[in-house]
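Here are a few exercises to work through with the model open beside you. Try each task yourself before reading on to its solution.

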Amino acid sequence: MRAEGIETVRRILCVFPRYTSSFGTFEYAYPLTDGVQAFMPPQGLLLIAAYLPANWPVRFIDENIRPASAEDFRWAEAVFVSGMHIQRQQMNDICRRAHAFDLSVAIGGPSVSACPDYYPSFDYLHVGELGDATDELIARLARDPSRPAQQVVLKTDGRVDMSDFPIPAYELAETRKYLLGSIQYSSGCPYQCEFCDIPGLYGRNPRLKTPQQIIAELDKLRECGMTDTVYFVDDNFIGNRKAAVDLLPHLVEWQKRTGYITRLACEATLNIAKRPEILAKMREAFFVTIFCGIETPDPDALKAMQKDHNMMVPILEGIHTINSYGMEVVSGIIMGLDTDKPETGDTLLAFVDESRIPLLTINLLQALPKTPLWDRLEREGRLIHDDDSRDSNVDFRLPYEQVVSAWRKCMEVAYEPEKLFARYQYQCDYTYANRLKVPVSPEMKSWANIRRGLIMLRNIFWKVGVLGDYKKAFWKFALGRLRRGDFEGFLGSAMIAHHLIMFARAASVGQQNASNYSIRLREASVPAE
Ligand code: SF4
């Protein structure tokens, strides 16, 4: 479905802002690849591009790949921007540049939907999801694309049903320049973890596309060249368990039809470990990674943040179960919780060792607007506004310096090369070994694919194995994998490990700040541009 009944033609420039350096976007790994420059194609802007009237020309620029040029702005009649809180500065900068060309600029997405007052200079604020506000924005631009005399705020009351969403305009994105493909099946989450803004923004009753839509999207992603890994950006893949069960056989069939060249990844609550029937199907559908917001191994802390569902199975057992279906667990961890004690950092490091999870995004607690945490801290007078010297807006129970130095120590120790490679070694030997043995398709054997692998090998050997400064740990891991003929495990692990090691080093000496580094870069998955 797309907007209809509009005769006038308008040229729309969609600009996605740069991310600031982030743990979860893997930018230190890009130079080791064959040309990756950005993390994931933004679902939101590409969806809105597909929803615009069919006769409206659209240009899409991801500023993580290249900045919008003067020529782009001269071409456009209006500019659309979308993003998350961490891209706030960059979004305001795009607005400033567009205004230099006297263009009207509309902003949508999760950040403006939660905090419209962050964006005073935009001409149009689109608050909420794709729906009547979107139609109104299109109608206004069709009537008159020039800048309105004052800011116009459009709020969605009636949302477009997700089963009516068009396929995002993946053809506008340079898919080969992204580390991962992105796709969305559902929106919303039934839980209410204290720190999370998803239920407040997108509701507790997950809304859904149809399996047929997802298959059509996967086909299109493939046509557009995105074949490596596709990430389901759903807030919780099992937020509606029945829907997950309905979708999985379609994914299995799709993989069989297309030769298993695409790996799948998603986000889900850890209690997925209680559902062997879902895990078995996910294995069959070639899911290789699940991001679980474990947050903390401390049961009291989980209870306090209303994340008891993480304790439905013992945490380590849950991780082991997921690994036994061939899926690596990536974990979100939060420090600075009210329940933290002076020994929390050491407990966390012990958990990292025991869980053998290679990739944990360890962040300081940050209060987001529209969350129960925000409301509670506001009541308690513990929200700190406009203090750029701090890495969190929360007045922690423990002294701030103590929390930050515990975070730095955790980053430093958890990502020591020897420790990290030992965890990857385990994943290669145990988790990856449990994956489906997929047939070697002609696409996998193609010269283009082999060439990509060779380029990555060359880059990794040269930039890490020769020029790097953790050569001993690297070669020990590399030779072990290569002796077994495990090129795939080696390439993937070495590439991501490099990012983790380099980023953690910068973090541990204070060159990266300590919050908002979640891998959960959920960009406007149900857009509100
Ligand atoms: S943290 Fe995860 S499980 Fe909790 S409410 Fe948010 S999306 Fe749902």
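**Exercise 1. A charged pair**

Task: Find what joins the side chains of Arg10 and Glu77, and work out where in the chain the two residues lie.

Solution: Keep in mind that this is a predicted model.
- Step 1. Start from the principle: side chains of opposite charge can pair when their charged atoms come close.
- Step 2. Check the distance. Arg10 and Glu77 form a salt bridge, with 3.3 Å from N to O, and the cut-off for such a pair is 4 Å.
- Step 3. Place the partners. Arg10 belongs to the segment before strand S1 (12-16), while Glu77 sits in the loop between helix H2 (70-75) and strand S3 (78-82). With their positions 67 residues apart, the pair links distant parts of the chain.
- Step 4. Put the pair in context: the structure has 37 salt bridges.

**Exercise 2. A residue before S1**

Task: List the residues that Ile6 touches, leaving out those up to four places away in sequence.

Solution:
- Step 1. Locate Ile6 in the segment before S1.
- Step 2. Collect its contacts: Pro53, Asn55, Trp56, Ile138, Ala139 and Ala142.
- Step 3. Take Trp56 and compare sequence with space. Ile6 and Trp56 are 50 residues apart in sequence, and their C-alpha atoms are 9.4 Å apart.

**Exercise 3. H14 against H19**

Task: Decide how helix H14 (residues 400-414) is oriented relative to helix H19 (residues 487-508).

Solution:
- Step 1. Read the geometry: the two axes come within 8 Å and cross at roughly 150°.
- Step 2. Apply the cut-off. Angles over 145 degrees count as roughly antiparallel, so H14 and H19 are roughly antiparallel to each other.
- Step 3. Add the hand: the crossing of H14 past H19 is left-handed.
- Step 4. Name the residues that meet. H14 supplies Trp407, Arg408, Met411 and Glu412, and H19 supplies Phe503, Ala504, Ala507 and Ser508. Sorted by class, this contact has 5 nonpolar, 1 polar and 2 charged residues.

**Exercise 4. H15 against H19**

Task: Repeat the analysis for helix H15 (residues 417-431) and H19.

Solution:
- Step 1. These axes come within 10 Å, crossing at roughly 150°. H15 is therefore roughly antiparallel to H19.
- Step 2. The hand of the crossing of H15 past H19 is right-handed.
- Step 3. From H15, the contact draws on Pro417, Leu420, Phe421, Tyr424 and Cys428; from H19, on Gly489, Ser493, Ile496, Ala497, Leu500, Ile501 and Arg505. The classes are 9 nonpolar, 2 polar and 1 charged.

**Exercise 5. H17 against H19**

Task: How is helix H17 (residues 447-466) placed relative to H19, and which residues make the contact?

Solution:
- Step 1. The axes of H17 and H19 come within 11 Å and cross at roughly 50°, which means H17 is oblique to H19.
- Step 2. H17 makes a left-handed crossing with H19.
- Step 3. On the H17 side are Gly453, Met456, Leu457, Ile460, Phe461 and Val464, and on the H19 side Phe487, Phe490, Leu491, Ala494, Met495 and His498. Here the count is 10 nonpolar, 2 polar and no charged residues.

**Exercise 6. Around the ligand**

Task: Which residues come nearest to the ligand?

Solution:
- Step 1. There are 11 residues around the ligand.
- Step 2. Of these, Cys189, Cys193, Cys196, Thr269 and Lys307 come nearest.
- Step 3. The shell divides into 6 nonpolar, 2 polar and 3 charged residues.

How values were computed:
Residues numbered from 1 in each chain as written. Predicted model: local features only at pLDDT ≥ 70, side-chain atom pairs only at ≥ 80, totals over all residues. Heavy atoms only, no water. Near = heavy atom within 4 Å. Nonpolar A, V, L, I, M, F, W, Y, C, P; charged D, E, K, R; others polar. Axes fitted to C-alpha atoms, helices over the stretch in contact; angles between N-to-C directions. Helix = DSSP H or I, 4+ residues; strand = E, 2+ residues; numbered from the N terminus. Parallel < 35°, antiparallel > 145°, perpendicular 65-115°, else oblique. Left-handed = near helix turned anticlockwise from the far one by under 90°. Contact = heavy atoms within 4.5 Å.
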